[in-house]
Structures are given as structure tokens and as C-alpha cells.
Amino acid sequence: MAPLFRSLSRRDAILILIGAFSMHFFTSLGPLTSHSIIISTGLPQQVSDEAMVEHPPKNDQELGGLLGHGYVEEEPNDPPMDSPGVDPDKSVIPPPKNDGSEQQTAMETDISRVVVLPETTIVEHVPGWTLFRDIYMANGTLLILSSTPSSFPDILYMTSTGLAALNTEENIALRVPTPWNMDFVTPQEAIQRWGDNPASRRVWSVEGNTLLFNDPPQFLAHYYHFCAELLLGAWSFWTGAAHPEPPPPIHRAIFAHSSSEGWRDGPGFNSYFLRAVFPSLTVEVEDDWNDRIAATSASIDSGVHRAWHFPYLLLADRSAAFRGKLCGTQNQRTASESVDGLIARSKLDQNGLWWKSIRTAVWRFAGVTEQDEVTPEFEETGKIVITYISRQSTRRRLIPEDHEALVNDLEALVRRKNAEIGDIKATSGSGAKEWELNVVQAEKMTKDEQVRFAARTTILLGVHGNGLSHLILMPRTKVSAVIEIFYPGGFAHDYEWTTWALGMKHFGVWNDTYTTDRQTLYPSYPDGFQGPSIPVYGPNVVSIIEKRVAGEL
């Protein structure tokens, strides 16, 4: 067997010196590749040079260690309030270039036939929501292929590390994106990494249109946050970005940080809703995303680089949305950046009509017949239906005596109104609509039954809680409303913002008072907010309902 080492000859020494000199000379002319970008965040914590390693961290704890922080695995009671700390104007997408060089459309995914890889462009962007055309992924990093990186929005407004959110300065810093999460690559670097021959280029297209949710499972396993915030925001952005054309189909949803169980809620409404709306949708989870990462990172050490190409991809990121003005400082709703942002650009209907196709799909899945339209903006129902969602078997609930009194007052209202209608019909042969009251406990009903009740509801009433998420399934009539009961001094924007976003009216009730003034409401969670002793004055609620149906409120 030949020896592994031998002594150096003079020729060997000269060749080594020549090689070292050549390497020094050529690398001094300019770096072969760029593995980092500078992000102006205004935050004190930065990734130090010592923290840079060859491969991305494998978990939250490892990332925290690299950044010099500990990671606490804990869920917040309230949504986090991120301080933007950067120039908000950086979140506005510049107008797209129109140089006639566009090489791909959303449905043209075969890049094996193009001579030059298509550069990444942005179809639409607001904080937390970015629709890319031709974006790439390698080793877990979303790569923007561009010869003009400065034309893109600040990465801080597009993505994050995807860690669970806590309302602490340390945690906010941990969620600031690094070059592991998103980076730029020039066309020249792309050729060096993946090759320039279309027949042998090491880039594979993930065909179709993709939703990539970069949110942690912290907020996914919750009916409101998943359906009434994440999906509502995604669909509003998907349709608004396509304005005025119909939106393209969605083929795939990727939950990059969630297991298959992580995005499903306990009652099962998340999967019910998603399958009803998108029956052909392919769902990928963290294990699948890690497969894609491994496939493009296993051979990096050998010099063989590979990448995935996404022809049309919507990236949703909760932490990035909280860095926007609307979500971060006004209402704490990530979907607000999409809905209100695109309404301001005249790309989305301000009455929530863009949501009608989603709601109708869920209705149909549950066996509901679509309501008649009075005008393109409003629908008509056969009755005035009050649905009171009782929380008396849960932690956050009314004082028992107040609950009983409220039910009695509502029953009295319905009897009185139906008696009045009977008198009118006896006199004229026709008259106003009949009234109906349903007092329901959602946890004791099937999902189909809950959808059917919501689809018939004119006035949705209840204590602040997940059951009010069914407002996204209500028909939009001229008098549709949501009445939300809070503990005195408490308030949260969840159902208030969503009600207004879908073109209905919201009433916040605090015992014997109420308001619809959105400008004076600020989040507050006093002692008792989550407790079993929430007061309510029944006649106050009855008055709101009666005046609303009469068109006085």
C-alpha cells in the first residue's frame, strides 16, 4: 500500500506557492459569492461575526445561543407588540420594472428551457405579506435572484426567524431575520452555484402556486388566528394582488414551522375550513420543508449546489406584519396589513365582498343554500335571527344570574317582535320579518351544525371568545352585526376589526354601556378579563339589537 504522505520536493513547494499567490490575487479582486446582507433594523442586537457558522441552526435554542440570548419556550397571553424601529417607507414596494424582459408567468414553471434563470420580482407587498414571482430556496434560505437588490423592500418587513413570539425586547430581537432566512443572489452567483446550462442546471421548479406560512405553531392551532386572521389575510392579499383579474388557483400550502398536528385546532375547525375551501390543496409541514432543505444542503460541502424554484409564492410572516404601522401600532391584526393596506391602494373592496367566495364554499360544504342578494353589496335572509353563543361552560363567562337574565330579555324581545308582526299581518296581509333566537353552546354541536347556524345569523352575540370567529360565516345583510361582551375596562381588537373588515357593524358592550367608536378602543386585559364573573345588563343588549334592526344604529 502506498504511503499517505511523502516529503515535498522543490517542485511541489513552488506549485504550492504559486497556488497560494493565485488564490490571494483573484479573491482580492472581489468575492466569488455573497452570503450576507446588511439589514438596517434600528435594534441593538446583531448577528456577530463569531456567530456565523457554516449551516443554519437546527432549533430555536441553538439560534438563541448563536445570537447570545436564551430562548424561553412559552406562549404569550396576548399578541406581541413589536416596535418597528425602522423606516416604514421601506415596506412599500417600488413600481415594477417594465423593460420587456419578463421571462416567466405564474403558470410557466418549466425553467429547464430558459437560457437565463428568471430574476425574482414582487407582485405585491405590505408588511408581513409578500407575493413573489420566481423566488428560490436553498439550504432553508429564501433567495431573491436580482441584479438590483436595493429595489426590494427591507427584508425586515418580509420575513423573520419564525420563532414563537413573546412581548419582550429579547424575543423581538430573536425574531429579526438573518441571512439564513432570506438573502440576495446575483445572476452571476446563481450561475456559479447552479450552473448555466439549462440541461444540467441544478434548479428544480416546485410547480404551481404556493402559500408559505412562516408563522410558529403558537397561533396556528386556534380557529380565530388560523381562519379569521391567517387565511383571511392570505385570501385578501391573493385576490387584491391579482386585481382586477380573478386570482390564480392555489395549489400548495406550506407550514414551515409546524407539524401536521400543529396547525390543527382542538375542535377540528381549521382542517374542516381549509378542506372545504381548497379541496385539492396539497399541505406540506415542517418535516416536508426540512426534506426540501436537506435536498439542497446535503452536497454543499462537495461543491454541488441545488435549489428549488417557486414560480409564484405568497410569503406570510406574523412577526413581519407586526412591524407594520397598522398591525404593530393600531389593531394587532396581521390581516389588517393586507386588507386595509390593499383597500388604501384601491385593490380590494372595502365591504369584504372578496371574502364571499370563501364563505360560500364553507356553506356549501355544510349543506347551506346561498342567501338571496338584494344588491351586489347585501344579501337577504328570511328571518331576523339572533344567535347567542353561550360560554357558560368555559372559563371566561358571564355571571350566572346575568346570563339567565340576558336570555330572558332576549326571549321577551323575540316574543314581542313576533307579536307585533302578527298584528301587522292580520291588518295588512303582509309585514316585517319573523324573529328567531338561538342560544347555543358551540362545543356541543357538530361543525356542520355550527356553520348552518352562522349562515342564518343576523345578529351574533357573545362574550369575547373563539365562538365569535363564526362571524366570518355570517351573511352580510343591511343590519348584520356582532355584539361582543367584555369585562369592564377590557378590550381586544380580534373580532372588532374582523367584523368591520367584512363590512358589518361591531358593538362592544361593557355591562350597561356600549360603543361603536373604533378610535377610542385600545387593547386592555384587566384582572377579571379571562374570569367567570363578567357582568352584562340585558336591557342594554336588547336595545342595541332593536335599534340596529330598525336602522337606527
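## A tour from strand pair to salt bridges

Start by selecting strand E16 together with strand E17 (residues 513-515): they pair in the antiparallel sense over three bridges. (Two strands pair if DSSP finds at least two bridges between them; strands, E, are DSSP runs of at least two residues, helices, H or I, runs of at least four, and both are numbered from the N terminus.) What you have open is a predicted model, where local features need pLDDT of at least 70 and side-chain atom pairs pLDDT 80 or more, while totals for chains, interfaces and linings use all residues. Residues are numbered from 1 along each chain as its sequence is written, and side-chain values use heavy atoms, leaving out hydrogens and water.

**Stop 1: around E16**

Click Val-509 and look across to E17: its bridge partner there is Tyr-514. Two residues sit between the strands of this hairpin, and Asn-511 takes a positive phi near 55°.

Now colour residues 505-510, which make up E16: five of the six are buried (under 20% relative accessible area; exposed is over 50%, partly exposed in between, with a 1.4 Å probe and protein chains only). Add strand E15 (residues 481-485), which pairs with E16 in the parallel sense over five bridges. Pick Ile-483 and you'll find Phe-507 as its bridge partner in E16.

**Stop 2: a loop proline**

Jump to Pro-177, in the loop between helix H3 (169-174) and strand E4 (182-185). Is Pro-177 buried or exposed? It counts as buried because its relative accessibility is 4%. Try the distance tool on Pro-177 and Ile-155: 22 residues separate them in sequence, and their C-alpha atoms are 7.4 Å apart.

**Stop 3: the cavities**

How many cavities of 30 Å³ or more does a search of the whole structure find? There are four. (A cavity is a set of points on a 1 Å grid over the protein atoms alone where a 1.4 Å probe fits but cannot get out, and lining residues have an atom within 4 Å of a point; points join across faces, edges and corners, and probe spheres set on them fill the volume.)

The largest has a volume of about 60 Å³. Select some of its lining, including Thr-387, Val-440, Phe-453 and His-470. Helix H13 (447-456) gives the largest share, three residues.

Next comes the second largest cavity, at about 40 Å³. Among its lining residues are Asp-215, Phe-219, Glu-229 and Arg-318, and helix H5 (residues 223-241) supplies the largest share, three residues.

**Stop 4: salt bridges**

The structure holds 16 salt bridges (a side-chain nitrogen of Lys or Arg within 4 Å of a carboxyl oxygen of Asp or Glu). Show Glu-284 and Arg-252 as sticks: their closest N and O atoms are 3.9 Å apart. This pair links strand E8 (residues 282-284), home of Glu-284, with strand E7 (residues 252-255), home of Arg-252, across 32 residues. Glu-284 is buried at 11%, and so is Arg-252 at 10%.

Then try Glu-420 and Arg-416, at 3.7 Å between the closest N and O atoms. They are about one helical turn apart, because four residues separate them in helix H12 (residues 400-428). Glu-420, at 33%, is partly exposed, and Arg-416, at 35%, is too.

Last pair: Glu-436 and Arg-456, with closest N and O atoms 2.8 Å apart. Glu-436 sits in strand E13 (residues 434-440) and Arg-456 in helix H13, so their salt bridge ties together parts 20 residues apart in sequence. Finish by selecting Glu-229, Arg-318, Arg-333 and Asp-494, which salt bridges with shared partners join into one network.

Definitions and conventions: 1 Å grid on protein atoms, 1.4 Å probe; cavity = no way out; pocket = protein on both sides within 12 Å on 5 of 7 lines; lining within 4 Å.
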